[in-house]
Amino acid sequence: MARFRCSFCRTPEKPWGIEFEADFPQCPRCHAQGLAVVIPVVKVHFYAPDSQGPIVGAGGRHYRVACSPAFTNPNGIPCTGLPSAVTCEACMRTQEFHKAEDLQAELTGGILLE
Ligand SMILES: [Zn+2]
Ligand SMILES: [Zn+2]
């Protein structure tokens, strides 16, 4: 299973196109297929700050991958500490992610840029 985005099927909530999981790039809604329209989406995981975390980042801070706490070598899988860049749904469901999301909203004064 891979994750794809259909650039034909845009909604107000998904201005870049709806996302879905499938074995091959064909949109379940409009049935469009082909990589020019149906674009593979890279899963970006969230680095949750964790003093016991196995991953050591800048400044000697410890982190873990939010959806896979046992994961010790993040090389090769995309990860970010920036909540708005996360696309992994399992990571998005974690408490740490919600906390960081709130914090990011606070830092930007709650103003979301279009
Ligand atoms: Zn579609
Ligand atoms: Zn994840």
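**Strand pairing and core in a predicted model**

Modeller: This is a predicted model. In strand S3, the bridge partner of Arg5 is Ile39.

Colleague: What makes S1 and S3 a pair?

Modeller: Two strands pair if DSSP finds at least two bridges between them. Three bridges join S1 to S3 (residues 38-40), so the two strands pair. They run antiparallel.

Colleague: How do you know that S1 and S2 pair, and in which sense?

Modeller: Strand S1 (residues 2-6) and strand S2 (residues 18-22) have five bridges, and the cut-off is at least two, so they count as paired. The sense is antiparallel. Ile18 in S2 is the bridge partner of Cys6.

Colleague: Where do the two domains lie in the sequence, and how far apart are their C-alpha centres?

Modeller: Domain 1 covers 1-41 and domain 2 covers 45-107. Their C-alpha centres are 26 Å apart.

Colleague: Why are the residues of the largest nonpolar core called a core?

Modeller: A core is a set of buried residues of listed nonpolar types, joined through C-beta atoms within 7 Å. Twelve residues make up the largest one, including Phe46, Tyr63, Cys79, Val86 and Phe97, so each of these is buried. Strand S4 (45-49), strand S6 (62-65) and helix H2 (95-107) each supply at least two of the core residues. S4 gives the largest share, three residues.

Colleague: What is Val86 in contact with, leaving aside neighbours within four places in sequence?

Modeller: The contacts of Val86 are Val44, His45, Phe46, Thr80, Cys91, Met92 and Phe97. Contact requires C-beta atoms within 7 Å, so the C-beta atom of Phe97 lies within 7 Å of that of Val86.

Key:
Residues numbered from 1 in each chain as written. Chains lettered and ligands numbered in written order. Predicted model: local features only at pLDDT ≥ 70, side-chain atom pairs only at ≥ 80, totals over all residues. Domains from an automatic or database assignment. Helix = DSSP H or I, 4+ residues; strand = E, 2+ residues; numbered from the N terminus. Buried ≥ 20, exposed ≤ 12 C-beta atoms within 10 Å, placed from the backbone. Contact = placed C-beta atoms within 7 Å.
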